[in-house]
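I am opening a fresh notebook page for a structure I have not walked through before. Come along, and keep the view open beside you as we go.

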Amino acid sequence: MGTGSSTTRDVIPLREAARTWFAISLQTFGGPAGQIAVMQRTLVDEKRWIGQQRFLFALSYCTLLPGPEAQQLATYVGWLLNGVRGALVAGVLFILPGVVALLVLSGIYVAYGDSTLVESLFLGLAPAVIAIVVQAVVRVGRKGLGHPALVALAVLSFVALTFFAVPFPAVVAVAALLGWVLGRRIPTLTHPPRAAVDDGPAPLISDDALHSERPTTRRSALVLAIGLTAWFAPVAIAAVLFGRSSIFVDQGLFFSGAAVVTFGGAYAVLAYVAQQAVSVYGWLAPGEMVRGLALAETTPGPLVMVVQFVAFVGAYRAPGGLDPWVAAVLAALLTTWVTFVPCFLFILLGAPYVERLRGNRDLAAALAGITAAVVGVIASLAVFFALHTLFADTARLTAGPLDVEYPLLASLEWPSLAITVLGCALVFWRGWSVLRTLGACALAGVVLGLALAA
């Protein structure tokens with residue numbers, strides 16, 4: 001099947017694919033780095049449903065889109081395996097456990113406030129995620145950086161993000177441009193690294209057997225019409241039922257807008273969401289955004305799911321004429337809907353066009369540059385996460401273009417450091433799975449947390 005052909009045949013039975021996506025969804029802790037690592041291990045290394053380079057190609061495209069790239073990557077791969085049905089199943093299952101978990105935790109937060117047991121659980125889970133993120137840097141870097149020029153580009157991306165606070169879209173744009181320039185000068189730039197070629201058997205499903213569709217104007221118009229209707233219909237219904245000035249309409253419109261500007265993942269947009277939620281709308285008190293992020297960090301699914309927490313708390317405190325709990329749940333679900341429906345729209349609309357360009361050398365070189373930048377982004381996220389997990393306090397140094405956050409060593413959290421070491425040992429030395437490592441570290445966190453609180 002070439003790029004111009006079309007098929008509706010499932011290359012993997014949909015029921016088997018659904019079971020695998022659900023298993024992946026239960027392990028998607030720690031933001032995009034950990035989520036990409038889980039999919040890499042399951043789909044490329046273990047199941048061998050998709051080749052390494054095809055996986056990285058899809059990742060590079062998803063990195064260009066607004067919204068959570070890991071969820072969009074799952075949707076894209078689901079489309080490659082099972083068409084539109086596979087895309088919907090993969091994308092929905094990827095976020096479903098996180099929606100349920102964060103809904104429950106948001107309710108606990110509102111009802112009970114701080115909980116020693118929950119905080120102890122977080123004490124174990126958060127450091128474990130550091131080990132998962134580091135593993136993602138190693139895996140993606142080893143298999144995606146096939147030329148020293150790409151390694152240099154990954155390092156430059158890391159430095160730009162970590163030490164100079166360069167906006168993520170600028171890093172990606174420059175990486176794509178440099179990748180294109182390097183590809184014209186270095187013919188072997190897009191060749192897979194030897195480690196990727198030699199590491200493990202070839203995929204069970206060839207690239208030509210994966211799903212594809214011929215992009216047409218009629219298909220694009222249909223996808224766009226259905227996607228836009230699904231996106232905004234709940235907001236319109238809320239306006240009819242509760243009034244145009246209700247909190248549901250405010251949140252639906254605000255988070256719909258946020259969904260299309262979230263380039264760079266959750267961290268890139270959280271500052272804006274926090275400022276609006278606290279200062280403009282009054283949905284949260286100062287400091288509560290950090291608590292919401294802590295909950296999102298330690299539940300499966302994309303970190304941008306923190307917007308569900310914002311909506312839940314805001315609607316609970318300003319329910320209008322509804323019961324506070326009913327208002328909170330409705331607001332949380334509406335916000336989740338308008339945040340993730342665009343992700344499906346972007347993939348289903350764009351994937352057929354991107355697939356037709358997959359053999360284009362210039363595009364491959366540009367995407368190779370973006371893949372290198374992604375490695376730098378994941379490494380930068382690892383540093384960010386380590387700073388805010390291992391240290392209670394940080395400071396910022398700004399001097400000219402330099403803008404770097406650094407830890408205050410006196411605020412080192414020794415229990416978190418100990419569990420981080422445990423997590424790294426289990427992942428890299430013992431070779432434990434992500435889920436098993438998370439379980440062990442969570443248990444260690446509960447024991448340490450309860451002991452320290454006694």
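**Entry 1: salt bridges**

I began with charged pairs and counted six salt bridges. The model I am looking at is a predicted one. As a reminder to myself, side chains of opposite charge can pair when their charged atoms come close.

I looked up E355 and R54, whose side chains form a salt bridge at 2.4 Å, N to O. E355 belongs to helix α14 and R54 to helix α3 (residues 52–64), so this pair ties together parts that lie 301 residues apart in sequence. I then asked myself whether E355 and R54 are buried or exposed. Both E355 and R54 turn out to be buried.

Next came E213 and R219, which meet in a salt bridge at 2.7 Å, N to O. E213 is buried because its relative accessibility is 15%. R219 is buried too, with a relative accessible area of 12%.

I noted another pair, R41 and E46, with their closest N and O atoms 3.4 Å apart in a salt bridge. Here the two partners sit in contrasting surroundings: R41 is buried, with a relative accessible area of 10%, whereas E46 counts as exposed at 51% relative accessibility. The cut-off for exposed is over 50%, so the 51% of E46 puts it in that class.

I also found a network of salt bridges that links R396, D403 and E405.

**Entry 2: helix α16**

I turned to helix α16, which covers residues 414–429 and has 16 residues. From its first C-alpha to its last, α16 reaches 21 Å, close to the 22 Å expected at 1.5 Å a residue.

Which residues of α16 are buried? I listed S416, I419, T420, G423, L426 and V427. Seen down the axis of α16, these buried residues fall within an arc of 130 degrees, so they line one face of the helix. The general rule helps me here: an α-helix has 3.6 residues a turn, so residues three or four places apart point the same way. The face of α16 turned away from the buried side carries W414, V421 and W429, which are exposed.

I picked out S416 for a second look, as it is found in helix α16. With a relative accessible area of 7%, S416 is buried. Leaving out residues up to four places away in sequence, S416 touches L123, P127, T389 and L390.

Just past the helix, I saw that α16 is followed by G431, whose phi is positive, near 70 degrees.

**Entry 3: A175 and its neighbours**

I went to A175, which lies in helix α7 (residues 168–185). A175 counts as buried because its relative accessibility is 1%. What does A175 touch, not counting residues up to four places away in sequence? I wrote down L153, A366, G369, I370 and A373. I checked one of these contacts further: A175 and A373 are 198 residues apart in sequence, yet 6.2 Å apart in space, C-alpha to C-alpha.

**Entry 4: a nonpolar patch on the surface**

I looked over the surface and found a nonpolar patch of about 570 Å², made by I237, V240, L241, F242, V326 and L330. The elements that give two or more residues to this patch are α9 (217–242) and α14 (324–356). Which element gives the largest share of the nonpolar patch? That is α9, with four residues.

I followed up on L330, which is found in helix α14. L330 counts as partly exposed, at 37% relative accessibility. Helix α14 was already on my page, as it also holds E355 of the salt bridge with R54.

**Entry 5: positive phi in two loops**

I closed with backbone angles. Most residues other than glycine have a negative phi, and most peptide bonds are trans.

I noted R48, a residue other than glycine with a positive phi near 60 degrees. R48 sits in the loop between α2 (31–46) and α3, and it counts as partly exposed at 23% relative accessibility.

A165 also has a positive phi, of about 50 degrees, although it is not a glycine. Where is A165 placed? I found A165 in the loop between α6 (148–163) and α7. At 38% relative accessibility, A165 counts as partly exposed.

Conventions
Residues numbered from 1 in each chain as written. Predicted model: local features only at pLDDT ≥ 70, side-chain atom pairs only at ≥ 80, totals over all residues. Heavy atoms only, no water. Expected span 1.5 Å × (residues − 1). Buried < 20%, exposed > 50% of the residue type's maximum accessible area, 1.4 Å probe, protein only. Arc of directions from axis to C-beta. Contact = heavy atoms within 4.5 Å. Patch = residues over 30% accessible without salt bridge, like charges linked within 9 Å, V, L, I, M, F, W, Y side chains within 5 Å. Areas by Shrake-Rupley, 256 points an atom, 1.4 Å probe, with all protein chains shown as cover. Salt bridge = Lys/Arg side-chain N within 4 Å of Asp/Glu carboxyl O.
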